Amino acid sequence: MKPFLTGHADLVHDISYDFYGRRVATCSSDQHVKVFKLDKETNEWELSESWKAHDSSILSLDWAAPEFGRIIASVSYDKTIKLWEEDPDASELSGKRWQKLCTLNDATGPLFSVKFAPSHLGLRLAALGNDGKLRLYDALESSDLRSWTLTSEVSILDTPPASHLQSDFGLSWCPSRFSTERLVVSAMDQATIFQRNKHGKLVPAGKLKGHTGLIRSIAWAPSIGRWYHLIATGCKDGKLRIYKVTETHSNVSDNNNTNDTNANSSSIAVEHGTRAEGSSMEPDSSVPNLHIELIGEHSDHQGEVWSVSWNLTGTILSSSGDDGKIRLWKSSYSNEFRCMSVVQATR
């Protein structure tokens, strides 16, 4: 592994590969988005386009699935989501290759994370920020990508964090097309799984417990060949955590939840889902029960864990932290995740 110069004039906050891994987009506090392409002959990343995308620091971006076209979503401290579409007929480095489709400005605070949903859910994106609200948008007409509709708005926090306090937010979609629509959301030191109930509302279905600091990164693993799901988190408390999520076909009582929490901190049974959209907070019997178990907790980075990411098959987890190293994790024959490799960039 070797570094390449992005040319950004300030901190790079996020980096995202397209579906094929041949192009990568970066965003920065310099208010610019840059897109690089991989040269097949030299195996070097070359700048394809750079443009001023927002009026403040850009904290997150993501590529849409290729069947919807070449589309990037970005979010910023300026409280907006912007969607960009590539014009393949425009020259590279002309400043005109990526055209703005639209601006979504429902947020009342800085936005920290944006992710497109898996393609089987349609052209949908989710965004989360400092106002503590998760918002989902749909492009209702594939022929008109300039028109997006706010379809869900869920309060993640009872009260938004104070502006002078450090905060962090993240989200990750469940990639499985064989499961109900789900995504996991991290807000400050809390992480919650949300899913659709039979009425089409997003409701909480379980919490990932054990964090004692800001959750810096969260990632839902692809579940190819598995009957359960894996979710990884990186936390300011210096821990990389891996959770196993399974659907239960029988009711999980509140007593079992209490016993699991008190008797075994690594096994967390989920409370029944409650309504998140609307004023009613009574248990929602239409939400399948989830069992969430902490199966791995590692402090190898010896400092904050800033990023976690799974490979395409969900078999290898990568993490990066304050030690300046990338660590690769893989499950052993005994189903314990162990560090299999340590990578460090050299100049």
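This report describes a four-stranded sheet, the annotated repeats and the surroundings of Arg22 in a predicted model.

## Basis of the model

The model is predicted, with local features requiring pLDDT of at least 70 and side-chain atom pairs counted only at pLDDT 80 or more, while totals for chains, interfaces and linings use all residues. Residues are numbered from 1 along each chain as its sequence is written, and side-chain values use heavy atoms, leaving out hydrogens and water.

## The sheet of strands 9 to 12

An open sheet is built from four strands in the order 9-10-11-12 with antiparallel pairing, where strands are DSSP runs of E with at least two residues, numbered from the N terminus, and two strands pair if DSSP finds at least two bridges between them. Strand 9 (111-116) and strand 12 (149-155) are the edge strands, each pairing on one side only.

Strand 9 and strand 10 (residues 124-129) run antiparallel and are joined by five bridges; Lys115 stands opposite Ala126 in strand 10.

## Annotated repeats

In an unreviewed entry, UniProt carries the annotation "repeat: WD" for residues 5-39, 51-85, 208-253 and 298-330; such annotations may be inferred rather than shown by experiment. Residues 5-39 are 0% helix and 54% strand, with end C-alpha atoms 15 Å apart, and residues 298-330 are 0% helix and 55% strand, with end C-alpha atoms 13 Å apart.

## Surroundings of Arg22

Arg22 lies in the loop between strand 1 (12-17) and strand 2 (23-28). Because its relative accessibility is 34%, Arg22 counts as partly exposed, a class between buried (under 20%) and exposed (over 50%), using a 1.4 Å probe and protein chains only.

Leaving aside residues up to four places away in sequence, Arg22 touches Phe36, Lys37, Leu38, Lys40 and Trp45, contact meaning heavy atoms within 4.5 Å. Arg22 and Leu38 are 16 residues apart in sequence, with their C-alpha atoms 5.4 Å apart in space.
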